[in-house]
Every structure is written in structure tokens, then in C-alpha cells.
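Subject: Structure handover

Hello,

Here is the structure I promised to pass on. Please open it alongside this note. My findings follow below.

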Amino acid sequence: MSIAGRLGLRYPLIQAPMAGVSDVRLAAAICQLGGLGSLPCALLNSEQITTQVRDLRAASDAPFNLNFFCHSAPASDDTAQQRWREALAPLYEQWGIEDTDTPAGPARRSFGAEQAELVAHLKPAVVSFHFGLPASELLEAVKATGALVLSSANTVDEARWLEAHGADGIIAQGIEAGGHRAMFLRDTLNDQPPTMELLAGILDAVNLPVIAAGGIGDRESVSAALDAGADAVQLGTALMLCPECNTSELHRQALREAPGRGTVVTNLYSGRPARSINTALTDHLGPMNALAPPFPTAAQALAPLRAAAEAAGQFDFTPVWSGTRPETCRAVPVAELVDDLFG
Ligand SMILES: Cc1cc2nc3c(=O)[nH]c(=O)nc-3n(C[C@H](O)[C@H](O)[C@H](O)COP(=O)(O)O)c2cc1C
């Protein structure tokens with residue numbers, strides 16, 4: 001049976017968890033409409049996750065998804081940080097920045113024993129992971145709760161790996177997708193196909209439900225993915241101008257300008273490849289630059305630049321994630337958008 005059928009959803013729609021951009025409001029709106037709402041947990045501590053789950057359950061008794069990152073934290077490397085600061089030095093100078101120790105905002109957490117305990121306690125219907133899967137004992141603990149486990153693949157090989165390691169469904173994240181690439185087996189971008197090609201390849205290779213993600217944001221792209229055999233679609237960018245999404249004013253402005261600026265996969269903001277709208281930073285240093293230190297430590301040295309530019313109303317150093325189709329974003333309530341796409 002399809003995931004929508006198993007969960008009793010009205011629509012084959014999964015709201016993309018968008019760390020730092022979506023929270024309980026968007027998840028609740030999607031749950032109320034009959035899609036699968038998702039809470040991105042990568043930037044939250046256990047108390048914050050518990051509060052959001054409580055608020056979500058107060059708004060809707062529909063099933064929901066908790067989403068976690070499962071990267072391994074890099075060893076601290078002062079030399080790499082120093083080289084990164086040197087690469088950024090002309091920008092510090094341009095912005096008159098002398099003190100580069102601005103705090104970088106909430107840490108990106110990786111799924112560990114604390115999160116596994118929380119999942120056992122909160123019992124979400126679905127748990128999705130980005131960057132592979134957690135260690136087998138942690139995954140077993142999640143599966144023992146009865147949660148359906150999803151994870152994203154950027155290649156057919158990654159989908160096969162996820163199936164072999166216990167995922168219950170694969171999110172085929174095409175190269176068009178906004179935000180971080182899920183990539184976890186290899187670090188090259190060259191072999192990552194567009195959504196429809198990836199979907200077809202994964203459907204051929206695995207025996208699991210496959211969810212299409214990346215560049216889906218209008219009726220045509222939803223139908224094309226479902227007609228091609230997708231079990232559901234996962235939408236991110238298309239939801240970002242909706243009032244229920246927590247997208248900042250600056251990010252909304254960037255999305256409105258995005259069709260003219262274009263998007264690019266860049267490692268500059270976090271150390272891992274992610275699709276963002278072109279900015280002064282990606283023009284200046286990238287989009288891909290070997291000097292960016294490993295995920296998530298690239299963000300630290302950028303923090304003072306980001307703070308200075310944002311104070312001046314500019315997103316030159318802000319990670320303004322977007323998929324390749326920002327023109328599908330509309331500033332209308334989620335109910336209207338979902339009705340247009342699925343109704
Ligand atoms: C702003 C933003 C933040 C994202 N954050 C996450 C995240 O926290 N966890 C995750 O699994 N995927 C995240 N993604 C990726 C989405 O799950 C999904 O792959 C992507 O949005 C699909 O492409 P689209 O943006 O073209 O719809 C994010 C995407 C965006 C646009």
C-alpha cells in the first residue's frame with residue numbers, strides 16, 4: 001500500500017522539512033489539509049522538539065514526520081578555519097569587520113541516543129533522515145517504535161544502500177532541489193540526475209515506495225511525478241512564500257528576486273553542497289570552494305559577514321536556500337496552493 005494509504009492521508013503530499021525555515025505552523029497546516037506535515041529537528045534541542053510536537057498535536061491529530069540530520073561531526077581543525085578566514089579576509093575588509101567571533105546561531109545536531117529516546121517517547125508516525133541513516137542500533141530503536149523510516153537519495157546507488165540498510169521509503173532528491181544535497185556515499189555532484197530521471201532509476205532499482213523531490217511546485221510537475229510512479233511528492237521551495245512558512249523577510253525578498261538571479265549548488269555556507277539563490281558570496285568565492293571547511297563548520301567564519309549584511313537589509317552572506325523553480329512560490333495560504341496542485 002502507498003505511504004498515503006498507510007497513513008490515511010488525503011493527498012500524496014509530504015511537506016519538506018526545512019530547518020530554520022519551517023516549523024509547527026506549516027506542519028500543522030499541511031496535516032490539517034491531509035498531507036504529511038514535517039518538523040525539521042536539526043536545529044532544535046529536545047525541549048524545543050517536544051514543545052513543537054505538543055503544539056502540532058494540539059492543532060491536528062493527523063500523522064506527522066520528525067526529520068533529523070545524520071552527519072558525523074568533523075574534528076575541530078584550526079588550520080582549516082584559519083585558511084577559510086583568510087579566503088574571507090577581503091570581504092571582512094570590505095564590510096569593515098575586525099571582530100570575527102560573532103556566534104553562528106543554533107548548532108546543526110546529528111541524530112544520536114538523545115534523539116532516539118525522544119522519538120521513542122514522542123512516537124511520530126514517520127521519521128525522515130537527511131545524509132544517510134543513523135548507526136544501526138539507533139535506527140533499530142526508531143524502527144522499534146513502529147515509525148516509518150524515510151531517507152533521501154541523490155543517486156540510484158544511495159537508494160540501493162538505503163534499502164539494504166533498513167529504510168522503508170526513499171526520497172528521490174533530484175538535482176533541482178533546494179537546501180542541502182542528501183549525498184552520503186560520494187562527494188561528487190557530477191552523477192546526480194534531475195528528479196524525473198532519478199525517480200525512474202530508483203523505481204527500477206528498489207522495491208520500496210519512492211517519493212519525488214526537487215523542482216515540484218505546480219500541477220504539471222506533481223502529475224508528472226505521480227504518473228511516473230512516485231508514491232508521493234515532497235515539496236519544499238513551493239511552500240516558502242506561504243504565510244504559514246517561517247521564511248524570513250530577507251529570504252522572501254531573495255525568493256522574489258531568484259528567477260532573475262538563478263540558483264546554484266554551493267558548499268560555502270555550511271561546508272556541504274546545498275542549493276541556494278546566487279548571492280554576492282557565491283559570486284565572489286564559488287559556488288564550490290575547496291577552502292570551505294567541513295559541514296557544519298563553514299558557517300562560523302561567515303557569521304559576522306552575515307550579521308553585517310543582514311543589518312543593512314542585504315542577503316549577500318545569508319544561506320537563501322531555494323530549488324531551481326522559485327517561480328512556483330506563491331504568497332498564498334497553503335490551503336490555496338495545495339488545492340491548486342492536488343485538488
Ligand atoms: C529552505 C530549505 C531547507 C531545507 N531543509 C531540510 C531539512 O532540514 N531536512 C531535510 O531533510 N531536507 C531539507 N531540505 C530539502 C527538502 O527536503 C527537499 O529535498 C527539497 O526542498 C525539494 O526540492 P524543492 O525545494 O525544489 O521543492 C530543505 C530545503 C529547503 C528549500
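Let me start with the ligand. Strand 4 (126-130) and strand 9 (232-235) each supply at least two residues of the shell around the ligand. Please keep in mind that this is a predicted model. In all, 27 residues surround the ligand. Those that come nearest are Ala 19, Gly 178, Gly 179, Gly 236 and Gly 323. Sorted by class, the shell holds 13 nonpolar, 12 polar and two charged residues.

Next, the domains. The domain assignment splits the protein into domain 1 (1-71 + 108-240 + 328-343) and domain 2 (76-106 + 249-321). Their C-alpha centres are 26 Å apart. Domain 1 gives 12 residues to the contact, and domain 2 gives 10 residues. On the side of domain 1 that touches domain 2, there are six nonpolar, four polar and two charged residues.

Last, helix 13. This helix covers residues 334-342. Which of its residues are buried? They are Val 334, Leu 337, Val 338 and Leu 341. Looking down the axis of helix 13, these buried residues fall within an arc of 95°, so they line one face of the helix. There is a general rule behind such patterns. An α-helix has 3.6 residues a turn, so residues three or four places apart point the same way.

What do the buried residues of helix 13 pack against? Their partners are strand 1 (13-15), helix 2 (24-33) and helix 9 (219-227).

Best wishes

Notes:
Residues numbered from 1 in each chain as written. Predicted model: local features only at pLDDT ≥ 70, side-chain atom pairs only at ≥ 80, totals over all residues. Buried ≥ 20, exposed ≤ 12 C-beta atoms within 10 Å, placed from the backbone. Helix = DSSP H or I, 4+ residues; strand = E, 2+ residues; numbered from the N terminus. Arc of directions from axis to C-beta. Contact = placed C-beta atoms within 7 Å. Domains from an automatic or database assignment. Nonpolar A, V, L, I, M, F, W, Y, C, P; charged D, E, K, R; others polar. Near = placed C-beta within 6 Å.
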